Each structure stands twice: as structure tokens, then as C-alpha cells.
Amino acid sequence: MEKIALIIAGGIGSRLWPISTKTKSKQFINLYNNETLIQNTIKRINKVFSYENIYVVGSINQKEELYKNLKNIDKKNILLEPKLNKTACAIYYGLSKISKKHKEAIVGIFPSDHYIGNVNELTKTLNNIIKEKDDKITILGIKPTKPDPKFGYLVPNKKGNELSTFIEKPNVHIAKKLIRKNALWSIGIYVGNINSYKKLYQKYLNNIYEEFEKNKKIDSIYNNIEGVSFEKEIIEKHPEYFKPYQSNLEWMDVGSFEGLDKIIAKGKNNNNLNENNTYLKSSNCTLISTEGKKIYAIGINDLMMIENEDTILIVKKNMYNNINKLKEE
């Protein structure tokens, strides 16, 4: 059976403004090594999925960035959404294209902008799941480190082989209760038979299924569909079709400055390593230019500075949570 990867790359990463913008989101930026987040994603899954079997769904507003970053991917496999319409629509856009070429296939669905340190462990995990040939869709999870409201929570049954409950982005109070039930964080990676996905859409999101099956132009499809979350409308409401898989991945959703700062390589005095940066009597600084400009820091501590083509953000590292307030003003 063919192995197909579907990468969802349409997000704008608003919590990482001004690194991430509507025209150049975080997945198209080099943040922790010499490759962009989406290039790192493709590189690690290419150990399981061949380039010709990798599909990407992204925004038409980021068409140039997609083509620039995906030189190993056939342009026919790069699917452009005319507008953002949440995850259920993006996922089925990919599935509908894949199913026209592959009637039977194992499809792995991946975020485009996550960090995974131990790539060999991911390869081993994916191969193990694919070998199982289960009708249920597998969701990869890891042990939570705190009751974080930004993630989905998987609660396995007592045997650990079935999904009892799934809650997408609960509040901290509920997250604490779920952790006491041995919940895992979902890391947004799903692996299953293409027909298992399609049957779920046909049964529970029939409007999306029917619109794509009519073979309309993509603009018409998106105009006729109200965007909903795959996680909330399918997994949360129908967990019996899924099963959890506890992995040992070094994983992080690069969705906040606090998270980003944890994976950026640090050098002397805990300043971030970058050949364009020069530090003098400075410590614990993370200075990033998305335009590759040289940055000189003298006598500053505990700061993050982000520069793009039209914005500079300077923030003390204990005040990340105020960035959204600044944007509102």
C-alpha cells in the first residue's frame, strides 16, 4: 500500500508576530537552523515518505514562499487554498486530491511548523504505526509537562490501545483533570487509511465531502463551506474512530516566543548563536533578523529582539504575554 504524507501549511502563526506575517508565516523562516520550519518538516518525513508522495496544502497568499521552500515537491502536489477555512477543509482538500490518484493508501497528516529533535525516533514510530494496518486513525501523543491550554489532550482507555476522550485546547482547570487521567498532548500528527478519513467526512462532515466530490472549482468549494476544526468536529465528537500512540519524541509546537527561545541554539552567556550577531557585555539575549541583518548588542540582558522588513519588536523575556496587547493597540 502506498505511503502518502499531507502537510498542512496554511497557518499564519499570529502568536509569533512580527516574525510571522500573513505573507510570510513562521513555517517559511529559518528559526533554529539553516532551513525553514517547513523544509525541516519535509526533510524528516522524507525518511518514510518519498518526495513524489508528499502533498502540501497552503494559502494562495503565500504561493511564492511555498514554491521557494518546496523545490523538491512537484507543483501539482502543492495545493493552494483561496482563503483560510480551518483544518477540516484543508485536510479534505489534500485527501480529495490524493484519493484521485491513490484509491488505497496510508496517509500521514503533519503540521508544517513543529520542532522534532530526535528524527530517528519519529521514523521508527511512523514505520511501526504503518505496519499495524489498522482501520482506526492513530494520533501521536507525548506526555504533557504542564496543563497547557494550547494543545489537544488524548485520554487513552485503561489498556492504552483506544482513545477514550479527546479535548481540544481545554482551559487549565480541565487540563489538570485530564492529566490526572494519564492524558497525552496531541502533537497534531495523524496516520490512517485514506478510506478511514473519507468515511468520517462522509458521515459527519458531509457538506465538505459532497462539495469536493462534485469536482467544482476550488474557489466555489471554499465559498460554499463554513470552516470548522477537524479536531473539534471529528476527533473530539467521535473518539471511537481513533487510537492514541504514546511517542518519545523531542517535540515542540513553535507557536510562541517562549517555545521558540527553548530550541534556538545558545552560545556564550546564553546568547543565541548567529554569525550575524555580535555581543559585548550582554547575556540571555535572542536577537533575530528575518532579513539577515547584522545585529550588535552592548550591555543588554534578558531581551528578545525580532526584526523583519518593516517592524522591530523588543521585549523582555518575562513579558512575552504582553505582545498580543501591543498588537491590539
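# A tour of charges, buried residues and unusual loops

Leaving aside neighbours within four places in sequence, Ile235 is in contact with Ile139, Leu163, Phe166, Tyr190, Phe230 and Phe242. That makes a friendly place to start in this model, which is predicted. From there, the briefing moves to charged pairs, of which the structure holds 12 salt bridges, and then to two loop residues with positive phi, Asn284 and Asp302.

**Around Ile235**

- Ile235 belongs to helix H9, which covers residues 230–235.
- Is Ile235 buried or exposed? Ile235 has a relative accessible area of 0%, so it counts as buried.
- Leu200 sits 35 residues from Ile235 along the chain, and the C-alpha atoms of these two residues are 9.7 Å apart.
- The contact partners of Ile235 include Phe230, and residue 230 is also where helix H9 begins.

**Glu65 and Lys68 in helix H2**

- Side chains of opposite charge can pair when their charged atoms come close.
- Here, a salt bridge joins the side chains of Lys68 and Glu65, with an N to O distance of 3.5 Å.
- Both residues of this pair, Lys68 and Glu65, are in helix H2 (residues 63–69), and their spacing of three residues is about one turn of the helix.
- Glu65 has 12% relative accessibility and therefore counts as buried, while Lys68, at 46%, counts as partly exposed.
- Which residues does Glu65 contact, leaving aside its neighbours within four places in sequence? They are Thr23, Lys24 and Phe28.
- For a longer view across the model, the C-alpha atoms of Glu65 and Lys294 are separated by 23 Å, with their positions 229 residues apart along the chain.

**Other salt bridges**

- Asp148 and Lys150 pair through their side chains in a salt bridge of 2.9 Å, N to O.
- In that pair, Asp148 counts as buried because its relative accessibility is 5%, under the 20% limit.
- Its partner Lys150 is at 32% relative accessibility and counts as partly exposed.
- Another salt bridge links Lys237 with Glu233, and their closest N and O atoms are 2.9 Å apart.
- Glu233 counts as partly exposed, at 26% relative accessibility.
- Which residues are linked in a network of salt bridges? Lys26, Asp113 and Asp253 form this network.

**A positive patch on the surface**

- Lys176, Lys177, Arg180 and Lys181 come together on the surface as a patch of positive charge.
- One of these residues, Lys177, is part of helix H5, which runs over residues 172–180.
- Lys177 has a relative accessible area of 42%, so it counts as partly exposed.

**Two buried polar residues in helices**

- Ser196 is in helix H6 (residues 194–204).
- With a relative accessible area of 15%, Ser196 is buried.
- Not counting residues up to four places away in sequence, Ser196 touches Asp135 and Ile137.
- Asn40 is part of helix H1, made up of residues 37–45.
- Is Asn40 buried or exposed? Asn40 is buried, with a relative accessible area of 9%.
- The contacts of Asn40, leaving aside neighbours within four places in sequence, are Tyr32, Asn33 and Glu35.

**Loop residues with positive phi**

- Most residues other than glycine have a negative phi.
- Asn284 has a positive phi, near 50 degrees, and is a residue other than glycine.
- Where does Asn284 lie? Asn284 is in the loop between strand S12 (277–280) and strand S13 (286–289).
- Asp302 is not a glycine either, yet its phi is positive at about 60 degrees.
- The loop that holds Asp302 lies between strand S14 (295–298) and strand S15 (303–307).
- Asp302 counts as partly exposed, with 34% relative accessibility.

Conventions
Residues numbered from 1 in each chain as written. Predicted model: local features only at pLDDT ≥ 70, side-chain atom pairs only at ≥ 80, totals over all residues. Heavy atoms only, no water. Salt bridge = Lys/Arg side-chain N within 4 Å of Asp/Glu carboxyl O. Helix = DSSP H or I, 4+ residues; strand = E, 2+ residues; numbered from the N terminus. Buried < 20%, exposed > 50% of the residue type's maximum accessible area, 1.4 Å probe, protein only. Patch = residues over 30% accessible without salt bridge, like charges linked within 9 Å, V, L, I, M, F, W, Y side chains within 5 Å. Areas by Shrake-Rupley, 256 points an atom, 1.4 Å probe, with all protein chains shown as cover. Lys, Arg positive; Asp, Glu negative; His and termini not counted. Charge placed at Lys NZ, Arg CZ, Asp CG, Glu CD. Contact = heavy atoms within 4.5 Å.
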